[in-house]
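User: Please take me through this model by asking, for each label, what justifies it.

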Amino acid sequence: MKSKIWFLAGVMTLCLLTVIGRSEAKELIFNLGYGKIQVIDVATDELLPEITMQGWGREASFSADKKFMYVTASRHLIHKIDLQQMKVVKTIDMHSGGWQRFVFGMDLVEDGKTAYVHLFSHKTDKGEAVVAPPVVAQIDLESGKILRSIEVPIGVCYLAYAKNSQTIYAVGQDVYLIDVAGREMKISGTHPMFDKKMNILPLFSYTAENNGVALLPYWIGEAPGLLSIDTNTGKITETPIKNPMMVYGAMYSPDMKKAYANMDELYVIDLATQTITNTEVIPSGTTFSVMTSADGKKIYLQGGPTITIYDAETLKIVKELKLSTDGMSLRRITL
Amino acid sequence: MEVYIIMEKKKRIEALNEKARAIEALTGGEKRSVEALEEGGMLKMPVGCTTVFDTGWETNPRATNPVGNCQPSAHDYLGCAGDCWWPAQNPDGLTNYLDLEGVCSSIIRDWRDIK
(Lines give C-alpha, C1' and ligand atoms only; values in the text may rest on other atoms or scores of the structure.)
Protein backbone atom coordinates (compact mmCIF):
# COMPACT_ATOMS: atom_id res chain seq x y z
CA MET A 1 0.00 0.00 0.00
CA LYS A 2 2.77 2.36 1.01
CA SER A 3 4.66 1.71 -2.23
CA LYS A 4 1.46 2.37 -4.23
CA ILE A 5 1.07 5.76 -2.55
CA TRP A 6 4.67 6.63 -3.34
CA PHE A 7 4.18 5.48 -6.94
CA LEU A 8 1.03 7.63 -7.36
CA ALA A 9 2.75 10.61 -5.75
CA GLY A 10 5.64 10.16 -8.17
CA VAL A 11 3.33 9.99 -11.19
CA MET A 12 1.42 13.09 -10.05
CA THR A 13 4.65 15.02 -9.53
CA LEU A 14 5.83 14.02 -12.99
CA CYS A 15 2.53 15.12 -14.55
CA LEU A 16 2.70 18.41 -12.68
CA LEU A 17 6.24 19.05 -13.83
CA THR A 18 5.26 18.20 -17.41
CA VAL A 19 2.36 20.66 -17.30
CA ILE A 20 4.55 23.37 -15.77
CA GLY A 21 7.25 22.64 -18.30
CA ARG A 22 4.80 22.85 -21.17
CA SER A 23 3.23 26.05 -19.96
CA GLU A 24 6.61 27.73 -19.60
CA ALA A 25 8.26 26.45 -22.77
CA LYS A 26 8.19 29.08 -25.46
CA GLU A 27 9.20 28.32 -29.01
CA LEU A 28 10.34 31.34 -30.97
CA ILE A 29 11.47 32.00 -34.52
CA PHE A 30 13.64 35.05 -35.18
CA ASN A 31 13.67 36.82 -38.53
CA LEU A 32 17.08 38.50 -38.82
CA GLY A 33 16.07 41.67 -40.56
CA TYR A 34 17.29 45.13 -41.40
CA GLY A 35 17.79 47.33 -38.34
CA LYS A 36 15.63 44.92 -36.38
CA ILE A 37 14.86 41.32 -35.56
CA GLN A 38 11.23 40.29 -35.68
CA VAL A 39 10.10 37.52 -33.37
CA ILE A 40 7.38 34.95 -34.09
CA ASP A 41 5.67 32.97 -31.35
CA VAL A 42 5.42 29.51 -32.90
CA ALA A 43 2.46 28.51 -30.70
CA THR A 44 0.25 31.30 -32.07
CA ASP A 45 2.18 32.44 -35.16
CA GLU A 46 1.76 35.99 -33.92
CA LEU A 47 4.49 38.61 -33.89
CA LEU A 48 6.04 39.53 -30.55
CA PRO A 49 7.75 42.89 -29.87
CA GLU A 50 10.70 43.35 -32.19
CA ILE A 51 14.34 43.72 -31.20
CA THR A 52 16.05 46.80 -32.63
CA MET A 53 19.67 46.49 -33.67
CA GLN A 54 22.21 48.31 -35.77
CA GLY A 55 22.83 46.90 -39.23
CA TRP A 56 21.47 44.04 -41.27
CA GLY A 57 21.35 40.60 -39.71
CA ARG A 58 22.91 37.59 -41.34
CA GLU A 59 23.93 34.80 -38.99
CA ALA A 60 22.99 33.83 -35.46
CA SER A 61 24.13 31.38 -32.86
CA PHE A 62 22.66 30.56 -29.47
CA SER A 63 24.62 30.13 -26.24
CA ALA A 64 24.40 26.63 -24.80
CA ASP A 65 22.46 27.89 -21.75
CA LYS A 66 19.92 29.54 -24.12
CA LYS A 67 20.34 32.87 -22.38
CA PHE A 68 21.84 34.72 -25.32
CA MET A 69 21.68 34.86 -29.08
CA TYR A 70 24.64 36.31 -30.97
CA VAL A 71 23.80 37.91 -34.31
CA THR A 72 26.21 39.09 -36.98
CA ALA A 73 25.07 42.35 -38.57
CA SER A 74 26.40 44.27 -41.55
CA ARG A 75 29.08 41.57 -41.71
CA HIS A 76 31.21 43.28 -39.05
CA LEU A 77 29.07 43.75 -35.92
CA ILE A 78 28.27 40.97 -33.48
CA HIS A 79 25.27 41.75 -31.27
CA LYS A 80 24.70 39.93 -28.01
CA ILE A 81 20.96 39.64 -27.42
CA ASP A 82 19.55 38.79 -24.01
CA LEU A 83 16.73 36.32 -24.67
CA GLN A 84 14.91 37.22 -21.45
CA GLN A 85 15.00 40.96 -21.96
CA MET A 86 14.77 40.56 -25.75
CA LYS A 87 17.21 43.35 -26.44
CA VAL A 88 20.78 43.92 -27.54
CA VAL A 89 22.95 44.12 -24.43
CA LYS A 90 26.37 44.32 -26.06
CA THR A 91 27.87 44.84 -29.49
CA ILE A 92 31.39 44.17 -30.67
CA ASP A 93 32.78 45.56 -33.90
CA MET A 94 35.22 43.43 -35.85
CA HIS A 95 36.44 46.56 -37.64
CA SER A 96 39.32 47.53 -35.36
CA GLY A 97 42.97 48.45 -35.33
CA GLY A 98 42.70 49.97 -38.78
CA TRP A 99 41.45 46.70 -40.24
CA GLN A 100 38.07 46.21 -41.82
CA ARG A 101 37.11 42.65 -40.98
CA PHE A 102 34.03 41.09 -42.55
CA VAL A 103 32.36 38.08 -40.97
CA PHE A 104 31.06 35.36 -43.28
CA GLY A 105 30.24 32.45 -41.01
CA MET A 106 29.99 32.18 -37.23
CA ASP A 107 29.37 29.48 -34.66
CA LEU A 108 29.62 29.62 -30.89
CA VAL A 109 31.81 27.48 -28.68
CA GLU A 110 30.02 25.69 -25.87
CA ASP A 111 31.78 27.79 -23.21
CA GLY A 112 29.67 30.76 -24.36
CA LYS A 113 32.71 33.02 -24.14
CA THR A 114 34.23 32.52 -27.55
CA ALA A 115 33.09 31.96 -31.11
CA TYR A 116 34.62 30.84 -34.36
CA VAL A 117 34.23 33.28 -37.21
CA HIS A 118 35.40 33.35 -40.79
CA LEU A 119 36.95 36.72 -41.66
CA PHE A 120 37.81 38.59 -44.83
CA SER A 121 40.07 41.49 -43.82
CA HIS A 122 41.58 44.50 -45.50
CA LYS A 123 43.01 47.91 -44.66
CA THR A 124 44.81 50.80 -46.30
CA ASP A 125 48.44 51.51 -45.50
CA LYS A 126 49.91 54.77 -46.85
CA GLY A 127 47.27 54.81 -49.53
CA GLU A 128 47.88 51.22 -50.57
CA ALA A 129 45.29 48.48 -50.15
CA VAL A 130 46.39 45.63 -47.93
CA VAL A 131 44.29 42.48 -48.24
CA ALA A 132 44.83 39.78 -45.65
CA PRO A 133 44.26 36.13 -46.46
CA PRO A 134 40.88 34.82 -45.27
CA VAL A 135 41.02 33.13 -41.89
CA VAL A 136 38.86 31.15 -39.51
CA ALA A 137 39.48 32.72 -36.12
CA GLN A 138 38.45 32.08 -32.56
CA ILE A 139 37.40 35.37 -30.97
CA ASP A 140 36.60 36.55 -27.48
CA LEU A 141 32.91 37.52 -27.46
CA GLU A 142 33.43 40.20 -24.82
CA SER A 143 36.20 42.11 -26.57
CA GLY A 144 36.17 40.83 -30.15
CA LYS A 145 39.88 40.07 -29.76
CA ILE A 146 41.23 37.38 -32.08
CA LEU A 147 42.61 34.62 -29.88
CA ARG A 148 43.94 32.37 -32.62
CA SER A 149 43.35 31.80 -36.31
CA ILE A 150 44.16 29.70 -39.33
CA GLU A 151 44.33 30.69 -42.96
CA VAL A 152 41.72 29.07 -45.22
CA PRO A 153 41.14 29.10 -48.99
CA ILE A 154 38.96 31.91 -50.29
CA GLY A 155 35.20 31.39 -50.51
CA VAL A 156 34.18 30.16 -47.06
CA CYS A 157 30.70 31.40 -46.10
CA TYR A 158 29.47 28.96 -43.47
CA LEU A 159 30.88 27.45 -40.29
CA ALA A 160 29.55 24.55 -38.25
CA TYR A 161 31.26 23.64 -35.00
CA ALA A 162 31.25 20.06 -33.73
CA LYS A 163 31.94 20.11 -30.02
CA ASN A 164 32.38 16.32 -29.68
CA SER A 165 35.19 16.13 -32.20
CA GLN A 166 36.43 19.68 -31.61
CA THR A 167 36.21 20.28 -35.33
CA ILE A 168 35.08 23.25 -37.37
CA TYR A 169 33.50 22.49 -40.73
CA ALA A 170 34.18 25.49 -42.95
CA VAL A 171 32.08 25.40 -46.12
CA GLY A 172 33.33 27.23 -49.18
CA GLN A 173 34.43 25.89 -52.53
CA ASP A 174 35.29 22.71 -50.61
CA VAL A 175 34.52 21.68 -47.04
CA TYR A 176 37.56 22.22 -44.82
CA LEU A 177 37.82 20.35 -41.53
CA ILE A 178 39.67 22.38 -38.92
CA ASP A 179 40.90 20.60 -35.82
CA VAL A 180 40.62 23.03 -32.91
CA ALA A 181 41.39 20.58 -30.07
CA GLY A 182 45.03 21.54 -29.69
CA ARG A 183 46.78 24.81 -29.01
CA GLU A 184 47.10 25.54 -32.71
CA MET A 185 44.20 25.22 -35.13
CA LYS A 186 45.04 22.98 -38.07
CA ILE A 187 43.25 21.82 -41.22
CA SER A 188 42.79 18.10 -40.69
CA GLY A 189 40.93 17.22 -43.87
CA THR A 190 39.10 18.43 -46.94
CA HIS A 191 35.91 17.18 -48.49
CA PRO A 192 36.29 18.05 -52.19
CA MET A 193 33.49 19.84 -54.01
CA PHE A 194 35.15 22.21 -56.50
CA ASP A 195 36.84 19.44 -58.49
CA LYS A 196 33.51 17.63 -58.67
CA LYS A 197 32.00 20.82 -60.14
CA MET A 198 29.65 21.18 -57.17
CA ASN A 199 28.08 24.62 -57.10
CA ILE A 200 27.01 25.61 -53.61
CA LEU A 201 25.57 28.67 -51.86
CA PRO A 202 26.05 27.91 -48.17
CA LEU A 203 24.02 30.74 -46.70
CA PHE A 204 20.78 29.13 -45.58
CA SER A 205 21.77 26.26 -43.33
CA TYR A 206 20.83 25.98 -39.65
CA THR A 207 22.74 23.14 -38.03
CA ALA A 208 21.51 23.69 -34.47
CA GLU A 209 17.82 23.45 -35.45
CA ASN A 210 18.46 20.55 -37.83
CA ASN A 211 19.48 17.80 -35.39
CA GLY A 212 23.10 18.97 -35.55
CA VAL A 213 23.33 18.46 -39.31
CA ALA A 214 24.28 21.19 -41.76
CA LEU A 215 22.12 20.56 -44.81
CA LEU A 216 23.30 22.38 -47.91
CA PRO A 217 21.79 22.24 -51.40
CA TYR A 218 24.25 21.92 -54.29
CA TRP A 219 24.18 21.49 -58.04
CA ILE A 220 26.48 19.67 -60.41
CA GLY A 221 25.58 21.30 -63.68
CA GLU A 222 21.82 21.26 -63.45
CA ALA A 223 21.63 18.16 -61.26
CA PRO A 224 20.64 19.03 -57.70
CA GLY A 225 21.68 17.39 -54.49
CA LEU A 226 21.91 17.82 -50.74
CA LEU A 227 25.19 17.86 -48.89
CA SER A 228 24.89 16.93 -45.24
CA ILE A 229 27.54 17.47 -42.59
CA ASP A 230 26.65 15.66 -39.39
CA THR A 231 28.40 17.49 -36.56
CA ASN A 232 27.43 14.65 -34.19
CA THR A 233 29.25 11.91 -36.10
CA GLY A 234 31.48 13.79 -38.53
CA LYS A 235 29.87 12.03 -41.48
CA ILE A 236 29.65 14.03 -44.73
CA THR A 237 27.14 12.73 -47.26
CA GLU A 238 26.21 13.78 -50.77
CA THR A 239 22.64 12.87 -51.74
CA PRO A 240 21.87 13.47 -55.43
CA ILE A 241 18.21 14.26 -56.06
CA LYS A 242 16.72 12.62 -59.13
CA ASN A 243 14.22 15.38 -59.96
CA PRO A 244 15.11 18.93 -61.00
CA MET A 245 14.82 21.59 -58.34
CA MET A 246 16.30 25.01 -57.67
CA VAL A 247 16.62 25.70 -53.97
CA TYR A 248 18.42 27.95 -51.53
CA GLY A 249 17.90 26.14 -48.25
CA ALA A 250 16.82 22.81 -46.81
CA MET A 251 15.73 21.39 -43.47
CA TYR A 252 15.02 17.84 -42.28
CA SER A 253 11.73 16.56 -40.93
CA PRO A 254 12.17 15.50 -37.27
CA ASP A 255 12.63 11.81 -38.26
CA MET A 256 15.18 12.89 -40.88
CA LYS A 257 13.47 10.77 -43.53
CA LYS A 258 12.31 13.81 -45.47
CA ALA A 259 13.80 17.17 -46.33
CA TYR A 260 12.01 20.40 -47.14
CA ALA A 261 13.76 22.69 -49.59
CA ASN A 262 12.78 26.10 -50.94
CA MET A 263 13.30 28.90 -53.38
CA ASP A 264 10.41 29.72 -55.72
CA GLU A 265 8.76 26.45 -54.76
CA LEU A 266 8.59 24.42 -51.60
CA TYR A 267 9.72 20.84 -52.17
CA VAL A 268 9.29 17.71 -50.08
CA ILE A 269 12.13 15.26 -50.72
CA ASP A 270 12.04 11.60 -49.77
CA LEU A 271 15.63 10.89 -48.81
CA ALA A 272 15.39 7.11 -49.19
CA THR A 273 14.35 7.30 -52.84
CA GLN A 274 16.07 10.67 -53.44
CA THR A 275 12.97 11.95 -55.19
CA ILE A 276 10.64 14.91 -54.82
CA THR A 277 7.32 13.67 -53.50
CA ASN A 278 5.43 16.95 -53.28
CA THR A 279 5.87 20.52 -54.39
CA GLU A 280 3.98 23.81 -54.26
CA VAL A 281 4.70 27.13 -55.96
CA ILE A 282 5.09 29.83 -53.31
CA PRO A 283 2.52 32.52 -54.10
CA SER A 284 4.45 35.45 -52.61
CA GLY A 285 7.48 34.76 -54.81
CA THR A 286 11.05 33.80 -54.05
CA THR A 287 11.92 32.74 -50.54
CA PHE A 288 15.34 32.46 -48.96
CA SER A 289 15.30 31.08 -45.44
CA VAL A 290 13.47 27.90 -44.45
CA MET A 291 12.76 26.84 -40.89
CA THR A 292 10.58 24.14 -39.37
CA SER A 293 8.77 24.20 -36.06
CA ALA A 294 10.42 21.94 -33.46
CA ASP A 295 7.68 19.32 -33.84
CA GLY A 296 8.08 19.39 -37.62
CA LYS A 297 4.42 20.17 -38.21
CA LYS A 298 4.94 23.63 -39.70
CA ILE A 299 7.35 25.05 -42.27
CA TYR A 300 8.26 28.75 -42.27
CA LEU A 301 9.54 30.36 -45.46
CA GLN A 302 10.95 33.90 -45.59
CA GLY A 303 10.90 36.01 -48.73
CA GLY A 304 11.14 39.80 -48.54
CA PRO A 305 8.85 40.99 -45.74
CA THR A 306 6.61 37.91 -45.91
CA ILE A 307 6.74 34.76 -43.84
CA THR A 308 4.61 32.04 -45.35
CA ILE A 309 3.72 29.26 -42.93
CA TYR A 310 2.88 25.81 -44.33
CA ASP A 311 1.40 22.68 -42.87
CA ALA A 312 4.28 20.24 -43.41
CA GLU A 313 2.00 17.29 -44.09
CA THR A 314 -0.32 18.84 -46.66
CA LEU A 315 1.74 21.84 -47.87
CA LYS A 316 -1.33 24.00 -47.37
CA ILE A 317 -0.67 27.56 -46.26
CA VAL A 318 -1.58 28.01 -42.62
CA LYS A 319 -0.80 31.71 -42.39
CA GLU A 320 0.99 34.53 -44.16
CA LEU A 321 2.73 36.98 -41.86
CA LYS A 322 3.51 40.46 -43.14
CA LEU A 323 6.60 41.86 -41.45
CA SER A 324 8.02 45.38 -41.33
CA THR A 325 11.43 44.24 -42.56
CA ASP A 326 12.93 42.01 -45.22
CA GLY A 327 15.19 39.30 -43.92
CA MET A 328 17.77 36.70 -44.72
CA SER A 329 17.69 34.14 -41.95
CA LEU A 330 15.16 32.50 -39.70
CA ARG A 331 16.43 30.96 -36.47
CA ARG A 332 14.52 28.94 -33.91
CA ILE A 333 14.87 28.29 -30.21
CA THR A 334 12.70 26.81 -27.48
CA LEU A 335 13.16 28.67 -24.21
CA MET B 1 28.15 36.32 -80.90
CA GLU B 2 29.98 39.64 -81.08
CA VAL B 3 33.35 37.92 -81.47
CA TYR B 4 31.92 35.78 -84.25
CA ILE B 5 30.72 38.89 -86.14
CA ILE B 6 34.12 40.56 -85.72
CA MET B 7 35.85 37.46 -87.05
CA GLU B 8 33.52 37.43 -90.05
CA LYS B 9 34.34 41.10 -90.72
CA LYS B 10 38.06 40.37 -90.44
CA LYS B 11 37.87 38.18 -93.51
CA ARG B 12 36.84 41.19 -95.60
CA ILE B 13 39.14 43.82 -94.07
CA GLU B 14 42.81 44.21 -94.98
CA ALA B 15 45.40 45.88 -92.80
CA LEU B 16 46.93 48.85 -94.59
CA ASN B 17 49.47 50.29 -92.15
CA GLU B 18 51.98 49.10 -89.55
CA LYS B 19 49.69 49.67 -86.60
CA ALA B 20 46.85 47.72 -88.17
CA ARG B 21 49.20 44.91 -89.11
CA ALA B 22 50.52 44.84 -85.50
CA ILE B 23 46.98 44.50 -84.19
CA GLU B 24 46.28 41.79 -86.70
CA ALA B 25 49.41 39.94 -85.60
CA LEU B 26 48.20 40.10 -82.01
CA THR B 27 44.93 38.46 -82.92
CA GLY B 28 46.54 35.85 -85.13
CA GLY B 29 45.34 32.36 -84.33
CA GLU B 30 42.38 33.68 -82.39
CA LYS B 31 39.49 31.27 -82.33
CA ARG B 32 35.89 31.65 -81.45
CA SER B 33 35.75 31.72 -77.67
CA VAL B 34 32.32 33.09 -76.75
CA GLU B 35 28.99 31.43 -77.42
CA ALA B 36 25.47 32.63 -76.90
CA LEU B 37 23.86 31.04 -73.87
CA GLU B 38 21.26 29.09 -75.77
CA GLU B 39 23.28 28.24 -78.86
CA GLY B 40 23.31 24.59 -79.81
CA GLY B 41 19.96 23.82 -78.28
CA MET B 42 21.24 23.42 -74.75
CA LEU B 43 20.86 26.13 -72.17
CA LYS B 44 24.31 27.08 -70.95
CA MET B 45 23.42 29.51 -68.20
CA PRO B 46 25.52 29.21 -65.09
CA VAL B 47 23.33 28.36 -62.14
CA GLY B 48 22.86 31.17 -59.65
CA CYS B 49 24.44 34.05 -61.56
CA THR B 50 22.75 37.05 -63.04
CA THR B 51 23.19 37.98 -66.68
CA VAL B 52 20.78 40.89 -66.87
CA PHE B 53 20.64 44.21 -65.09
CA ASP B 54 17.73 43.59 -62.82
CA THR B 55 18.63 43.11 -59.19
CA GLY B 56 18.65 39.55 -58.11
CA TRP B 57 17.17 38.42 -61.36
CA GLU B 58 19.18 35.29 -61.49
CA THR B 59 19.18 32.94 -64.41
CA ASN B 60 17.29 29.74 -64.21
CA PRO B 61 17.92 26.61 -66.24
CA ARG B 62 14.30 25.53 -66.18
CA ALA B 63 12.13 25.95 -69.20
CA THR B 64 9.00 26.24 -67.09
CA ASN B 65 7.75 29.15 -65.04
CA PRO B 66 9.06 31.02 -63.22
CA VAL B 67 11.61 31.77 -65.90
CA GLY B 68 13.81 33.80 -63.58
CA ASN B 69 14.53 33.36 -59.92
CA CYS B 70 14.06 35.94 -57.20
CA GLN B 71 10.61 37.16 -58.06
CA PRO B 72 9.82 39.88 -57.32
CA SER B 73 13.39 41.11 -57.55
CA ALA B 74 12.65 43.36 -54.55
CA HIS B 75 12.79 40.20 -52.41
CA ASP B 76 16.48 39.90 -53.12
CA TYR B 77 17.45 43.56 -53.25
CA LEU B 78 18.63 44.06 -49.67
CA GLY B 79 20.09 40.58 -49.53
CA CYS B 80 22.27 41.45 -52.49
CA ALA B 81 23.01 45.02 -51.42
CA GLY B 82 24.17 43.99 -47.99
CA ASP B 83 26.58 41.33 -49.02
CA CYS B 84 27.51 43.12 -52.21
CA TRP B 85 26.68 40.12 -54.41
CA TRP B 86 25.87 42.14 -57.50
CA PRO B 87 27.54 45.52 -56.92
CA ALA B 88 26.70 46.81 -60.39
CA GLN B 89 23.00 46.56 -59.67
CA ASN B 90 22.82 47.35 -55.95
CA PRO B 91 24.09 49.89 -53.48
CA ASP B 92 27.21 48.52 -51.82
CA GLY B 93 26.15 47.84 -48.25
CA LEU B 94 29.58 46.71 -47.08
CA THR B 95 31.54 49.90 -47.67
CA ASN B 96 29.69 52.83 -49.22
CA TYR B 97 26.03 52.69 -48.18
CA LEU B 98 26.27 51.40 -44.65
CA ASP B 99 22.97 52.77 -43.39
CA LEU B 100 20.73 51.61 -46.21
CA GLU B 101 18.69 49.47 -43.83
CA GLY B 102 17.98 52.58 -41.73
CA VAL B 103 16.36 54.24 -44.71
CA CYS B 104 14.50 51.24 -45.99
CA SER B 105 14.12 47.94 -44.19
CA SER B 106 11.67 46.50 -46.72
CA ILE B 107 12.30 47.32 -50.36
CA ILE B 108 8.95 46.18 -51.69
CA ARG B 109 7.17 48.59 -49.31
CA ASP B 110 9.67 51.39 -48.61
CA TRP B 111 11.68 51.72 -51.81
CA ARG B 112 10.47 55.30 -52.29
CA ASP B 113 12.43 56.30 -49.17
CA ILE B 114 15.73 55.63 -50.95
CA LYS B 115 17.10 58.94 -52.14
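**Labels and their grounds**

Analyst: Chain B of this predicted model follows, along its sequence, the pattern α-α-α-α-α.

User: What makes that the pattern of chain B?

Analyst: Chain B holds five helices and zero strands, and a helix is counted here as a run of at least four residues. Of the 115 residues of chain B, 24% count as buried, the cut-off being 20 or more other C-beta atoms within 10 Å. Among contacts in chain B between residues at least 6 apart in sequence, 25% join residues at least 24 apart.

User: Why are S22 and S25 of chain A said to stand at the edges?

Analyst: The open sheet has the order S22-S23-S24-S25 in chain A, with antiparallel pairing. Strand S22 (289-292) and strand S25 (317-322) of chain A each have a single partner strand, so one side of each lacks a neighbour in the sheet. On average, neighbouring strands of this sheet are turned by 20° against each other, direction ignored.

User: How do you know that S23 and S24 of chain A pair?

Analyst: Pairing requires at least two bridges, and six bridges join S23 (residues 298-303) to S24 (residues 306-311) in chain A, so the two strands count as a pair. Gln302(A) stands opposite Ile307(A) in S24(A).

User: What makes up the side of chain A that touches chain B?

Analyst: By class, that side of chain A has 11 nonpolar, 11 polar and five charged residues, and 27 residues of chain A are in contact with 27 residues of chain B. The largest share, four residues, comes from S1(A).

Key. Residues are numbered from 1 along each chain as its sequence is written. Chains are lettered from A and ligands numbered from 1 in the order in which they are written. This is a predicted model: local features need pLDDT of at least 70, side-chain atom pairs count only at pLDDT 80 or more; totals for chains, interfaces and linings use all residues. Axes are lines fitted to C-alpha atoms, for helices over the stretch in contact, and angles run from 0 to 180 degrees between N-to-C directions. A residue is buried if 20 or more other C-beta atoms lie within 10 Å of its own, exposed if 12 or fewer, and partly exposed in between; C-beta atoms are placed from the backbone. Two residues are in contact if their C-beta atoms, placed from the backbone, lie within 7 Å. Ala, Val, Leu, Ile, Met, Phe, Trp, Tyr, Cys and Pro count as nonpolar, Asp, Glu, Lys and Arg as charged, and the others, Gly among them, as polar.
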